[in-house]
Structures are given as structure tokens and as C-alpha cells.
Amino acid sequence: MEMLSPRRGTQTAVPIDFLIDPLMSENGRKIATVAARASIFLPGVNRSETFRILEGCIALYQRLPDGRRQILDVLGPGKMFGRGLSDVQQCGAEAMAPTRLELVAAGQRRMEGELNAAVRLLLRRAQAHAMLLGRKTATEKVASALVDLCRQFAKVGAETAVLRFPMYLTRQDLADWLGLTLETVSRCISRLRRDGYISLNVQGDVAVHDLPALRALAMGTVPPQAAFSVAAE
């Protein structure tokens, strides 16, 4: 299926009704392929679709009138999102990477349990994010984000102790997600690399060298200087 890219200099929602064409369905499932940085829907747009992420990454966000953006959540494969999960949802959704979505038939009774579970998951993640924004230090915020992204995007079944995942978010995206400045995010990532928690390759992928240690740092239970040191990739 052909990918649709957003127009330069504009923020235009993907015409999802055209992307999900019954003639292009896969085994009866309506699938859309969305280009990186394309908007699935914009804040305040009255739509009712619910989607399941098959591949890629979606960010839910809100904007202030002056254009400042707050990323509310970052979702990976298996997660569900959309207007069908809430009567009032004033956020937008943007693909952070080339993404495949499945249109979920939210009105069917057989989907009620799965949709209710998706709502509970989004609520738990929103509560955790509120705690992060209100009480965690900058280093703990960045560590928390990396732990979350590792859990969602690291390859399952990796035999080595090092977990690698593609970094779909820019440092500005991380700043908008964590309530930090771009400069602070960069300093925190440099510190985590220096202290041996993570390393980056030339493609920008992240390698997590000790997930339990990074998780402990994210929870504020170990000081940053307690990390081991490894050579950067």
C-alpha cells in the first residue's frame, strides 16, 4: 500500500478513510500504512476511529495556542488509540516512524473487553506520566523514557544482555514528552552514555547495557555515579 506523507510546512491529518480501502484490506482487516511525521488526526477534529498499532510508533499530543507542544504518550506495536476510546479526546496523533495501523471495529460486542483494557492501560500510563512530570528529576525523566521505549521497541528474544531499540523520537520530541528543554535532554543522554547505562550507534539506535540498573535510576533508587562504565559504540 502506498504511503502518504504530510505536506511540507503544514500539519494536515491523513485522510484515513482513503488509506483504509476495503479493496486493499489484508484477510478482511483494514490496514493503513502511514509515513513518518504524518498526523493521523488533529486536536479538536471530530472523528470516531480506533486503531491498533501493528508496526511503528505513534505519539499523542496537545498544543497550546502559541504552538508549544506536550506529548502525552508514546505508543508502540500492540497498543490501541483513537477517538473510540473516549467520548472527549482533545489530543492529536502523529506517526513518529513509518507505521502500519489496523482499523478496529469499536462497535462490535466482541471488542468491548479489549477496548476496556486499552482504556485502563492508557489511564495507568497517564497516571505514571503525571508522576514523572511532577516529581522526577531530569535524569530520572530521561531514564524513565528510555526504559519505556526499550520495553516497547526492543527486539523480543534477544540472546545478549544488551537490549537495542530504534530511537524514533528526536531529542526535541523527548523534551516535549518529558517537560524538559532540548539542552537538558542532551545533557542527560550524554551523562547516561558516559556512566555506561546506554550507548548509541551511528544509525541512532539505543543500546541499553543494564535494563535493571536503568530502571532503578528511573525510580530514583540509585545515584547516577553508581553506574558501571562501558565504551560507547
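The following exchange goes through the chain of a predicted model, from its overall make-up to its aromatic pairs, helices, strands and cysteines.

Reader: What kind of model is this, and from which number does residue counting start along each chain?

Author: This is a predicted model, in which local features need pLDDT of at least 70 and side-chain atom pairs count only at pLDDT 80 or more, while totals for chains, interfaces and linings use all residues. Side-chain values use heavy atoms, with hydrogens and water left out, and residues are numbered along each chain, as its sequence is written, from 1.

Reader: How many helices and strands are there, and what percentage of the chain's residues is buried?

Author: Helices (H or I, at least four residues) and strands (E, at least two) are taken as DSSP runs and numbered from the N terminus, and the chain has 6 helices and 11 strands. Relative accessible area under 20% is called buried, over 50% exposed, and in between partly exposed, with a 1.4 Å probe and protein chains only. Of the 233 residues in the chain, the buried share is 43%.

Reader: What share of the contacts with a separation of 6 or more joins residues 24 or more positions apart?

Author: A contact is counted when heavy atoms lie within 4.5 Å. Among the contacts in the chain with a separation of 6 or more, the share from residues 24 or more positions apart is 70%.

Reader: How many aromatic pairs are there, and which class does the pair of F51 and F81 fall into?

Author: Rings of Phe, Tyr and Trp (its six-membered ring) pair if their centres lie within 6.5 Å, and planes under 30 degrees apart count as stacked, over 60 as edge-to-face and the rest as tilted. The search of the whole structure gives 2 aromatic pairs. For F51 and F81 the centres are 5.5 Å apart and the planes 35 degrees apart, and the class is tilted.

Reader: Where in the chain do F51 and F81 lie, and are they buried or exposed?

Author: F51 belongs to strand 3 (residues 50–55) and F81 to strand 6 (residues 80–82), so the pair links distant parts of the chain, 30 residues apart. The two strands run antiparallel and are joined by 3 bridges, where strands count as paired if DSSP finds at least two bridges between them, and F81 is the bridge partner of F51. With relative accessible areas of 1% for F51 and 0% for F81, both residues are buried.

Reader: Which class describes the pair of F153 and Y168, and is Y168 buried or partly exposed?

Author: The rings of F153 and Y168 are 5.3 Å apart from centre to centre, with 85 degrees between the planes, which makes the pair edge-to-face. F153 lies in helix 3 (residues 138–153), and Y168 lies in the loop between strand 9 (163–165) and helix 4 (171–178). F153 is buried at 10% relative accessibility, whereas Y168, at 27%, is partly exposed.

Reader: How is helix 3 oriented relative to helix 4?

Author: The two helices pack at an angle of about 110 degrees, with their axes 11 Å apart; axes are lines fitted to C-alpha atoms, for helices over the stretch in contact, and angles run from 0 to 180 degrees between N-to-C directions. Angles under 35 degrees count as roughly parallel, over 145 as roughly antiparallel, 65 to 115 as roughly perpendicular and the rest as oblique. Helix 3 is therefore, relative to helix 4, roughly perpendicular.

Reader: Which elements do the buried residues of helix 4 pack against?

Author: Helix 4 is mostly covered, with 6 of its 8 residues buried, among them L174 and W177. Those buried residues pack against strand 5 (69–75), helix 2 (112–135), helix 3 and helix 5 (182–194).

Reader: Which residues does V142 touch, not counting residues up to four places away in sequence?

Author: V142 is found in helix 3 and counts as buried at 1% relative accessibility. Leaving out residues up to four places away in sequence, V142 touches L178, L180, C188, I189 and L192.

Reader: Which strands are the edges of the open sheet with the order 2-7-4-5?

Author: This open sheet has 4 strands with antiparallel pairing, and the twist from one strand to the next averages 30 degrees. Two of the strands pair on one side only, and these edges are strand 2 (39–41) and strand 5.

Reader: How many disulfides are counted?

Author: A disulfide is a pair of cysteine sulfur atoms within 2.5 Å. C57 is buried at 0% relative accessibility, and C188 is buried at 6%. By the sulfur distance rule, the number of disulfides is 0.
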